[in-house]
Amino acid sequence: MYFRKLLKAGVALTLATSLAACSAGNQTSTNQTTTQSDKETYKIGLHFELTGAVADYGNTENKAAKLAIKLANEQAGYEKYVGVEYDNKSDQTEAVTIATQLASSDVVGVVGPATSGASAATYPILNGANKVVISPSATQNNITKVDPSNENSEVYAYSFRTTFEDSYQGAAMAQFAFDTLSAKKVVIYGDNSNDYSKGLVEAFDTQFKKLGGEIVSTEYFTSGDTDFSSVLTNIKSKDFDLLYIAGYYNEAGLIIKQARELGIDSTIIGGDGFDSESLITLAGASNLNKVYYTTGYTTVDASEKLLKFVEAFKAEYNEEPSMFAALAFDSTNLLIENIEKVGGDSQALRDSIEKTSFSGVTGDFTFDKTHTPIKTVLVVELVDGVQSSAVSVSPQQ
């Protein structure tokens with residue numbers, strides 16, 4: 001979708017003034033540096049996948065976080081917030097190394113990483129140092145709990161996320177497939193090498209069967225695979241209504257392309273891992289018809305606040321923002337808004353975020369007891385690779 005381009009400076013100023021900007025007073029803390037004629041400044045860790053397998057996610061989130069900081073500084077009239085950038089190279093071991101550096105640094109809080117695996121690896125370290133960490137797109141089930149496998153586990157006190165979890169979006173897509181697409185038979189094709197995909201597969205499978213649908217077959221690929229022809233040929237021989245691909249854009253784009261080339265013209269659905277411009281590059285726009293995926297963001301019927309963000313992002317980077325950019329923008333503004341309220345004291349900041357009622361470009365939300373936002377799942381339809389419609393979906397309990 002294209003919007004009338006506004007002047008860069010005007011857009012930035014307009015969007016900046018929409019941020020909550022209560023005065024932080026003259027508080028001091030170990031996480032606060034006083035410079036610029038005794039004006040308060042705060043360092044924010046930006047921890048993302050800037051290189052490696054999922055660099056698309058990390059780079060767009062990093063850009064959005066920096067835009068939020070820039071706009072907040074324009075609102076303040078000086079460089080009140082400083083983003084300190086880190087690249088975990090899409091590697092969990094590197095993410096741990098960076099988290100260790102951040103834990104002993106003077107950042108007031110951390111935004112990122114983008115993926116569930118890297119985020120989960122950082123939580124024990126940053127929580128041990130009483131550092132607030134906000135993950136824009138870590139959707140793994142129970143990821144904010146000390147023991148994700150235990151429903152009664154305590155929650156990491158300083159860890160938050162601004163996206164829904166896999167069990168919710170997987171169940172929502174199953175509901176949409178059954179109710180809206182009238183699907184009765186589904187083939188699932190998931191990634192057996194990451195928890196994100198496993199969570200989607202489990203949630204979709206459970207909800208679809210609960211509704212009375214049939215899972216004809218569940219197949220798996222591994223992250224990094226490029227040739228899916230053998231499995232897709234086997235899938236083609238089966239009787240099914242649609243194909244659910246549970247994975248990231250890297251493999252999903254190639255799977256869709258190869259499926260269409262093999263003559264599989266069934267509807268294809270997936271999770272928010274589809275949300276990347278690279279999906280279009282890998283699959284080809286003409287192959288992205290009858291394709292749907294779950295997301296927390298769309299520019300279809302966008303609000304005024306969202307349009308301002310889109311124009312500001314385009315003015316800054318000359319590209320359209322994705323869901324991941326919008327989530328990172330909200331995550332950074334969530335941190336900044338609460339620093340404005342209580343300053344840089346770790347405990348006060350954590351308590352403020354936990355009780356917040358936040359209004360962002362991805363919608364309004366509060367946090368549940370697991371520090372997961374209570375927000376709507378959207379399902380968008382692609383027509384030649386472009387989002388053409390969007391509906392809100394809530395799975396039956």
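**Salt bridges, aromatic pairs and nonpolar cores**

A salt bridge joins the side chains of Lys 70 and Glu 316, with an N to O distance of 2.7 Å. This contact links distant parts of the chain, since Lys 70 belongs to helix H2 (residues 55–76) and Glu 316 to helix H10 (residues 304–317), 246 residues apart. Lys 70 has a relative accessibility of 29% and therefore counts as partly exposed; Glu 316, with a relative accessible area of 26%, is likewise partly exposed. The model is a predicted one, and 16 salt bridges were found in the structure.

Helix H10 also contains Lys 314 and Glu 311, which are three residues apart, about one turn of the helix. Their side chains meet in a salt bridge of 3.8 Å, N to O, and both residues are buried. A further salt bridge, of 2.8 Å (N to O), is formed by the side chains of Arg 350 and Asp 351. Arg 350 is at 10% relative accessibility and so counts as buried, whereas Asp 351 is partly exposed, with a relative accessible area of 25%. Through shared salt-bridge partners, Glu 311, Lys 314 and Glu 320 are joined into one network.

Aromatic contacts comprise 20 pairs. One of these, between Tyr 189 and Phe 228, is edge-to-face, with 6.3 Å centre to centre and 85° between the planes. Tyr 189 lies in strand E7 (residues 185–191) and Phe 228 in the loop between strand E8 (214–221) and helix H7 (229–236); the pair therefore ties together parts that are 39 residues apart in sequence. Both Tyr 189 and Phe 228 are buried. The ring centres of Phe 365 and Phe 367 are 5.5 Å apart and their planes stand at 75°, so this pair is edge-to-face. Phe 365 counts as buried at 3% relative accessibility, as does Phe 367 at 10%. In addition, one aromatic cluster is formed by Tyr 57, Tyr 196, Tyr 248, Tyr 249 and Phe 324. A contact between a charge and a ring occurs at Phe 178, where the charged end of Lys 184 sits over the ring, 4.6 Å from its centre.

In soluble globular proteins, nonpolar side chains tend to be buried together. The largest nonpolar core of the model has 72 residues, of which Val 186, Phe 204, Phe 208, Tyr 244 and Phe 309 touch the most other members. Helix H11 (residues 323–342) gives the most to this core, contributing seven residues. Another core, of 23 residues, lies apart from it and includes Leu 46, Ala 65, Ile 69 and Ile 353.

Technical notes:
Residues numbered from 1 in each chain as written. Predicted model: local features only at pLDDT ≥ 70, side-chain atom pairs only at ≥ 80, totals over all residues. Heavy atoms only, no water. Core = buried A, V, L, I, M, F, W, Y, C linked by side-chain atoms within 4.5 Å. Buried < 20%, exposed > 50% of the residue type's maximum accessible area, 1.4 Å probe, protein only. Helix = DSSP H or I, 4+ residues; strand = E, 2+ residues; numbered from the N terminus. Phe/Tyr/Trp six-rings, centres within 6.5 Å; stacked < 30°, edge-to-face > 60°. Lys NZ or Arg CZ within 6 Å of the ring centre and 35° of its normal. Salt bridge = Lys/Arg side-chain N within 4 Å of Asp/Glu carboxyl O.
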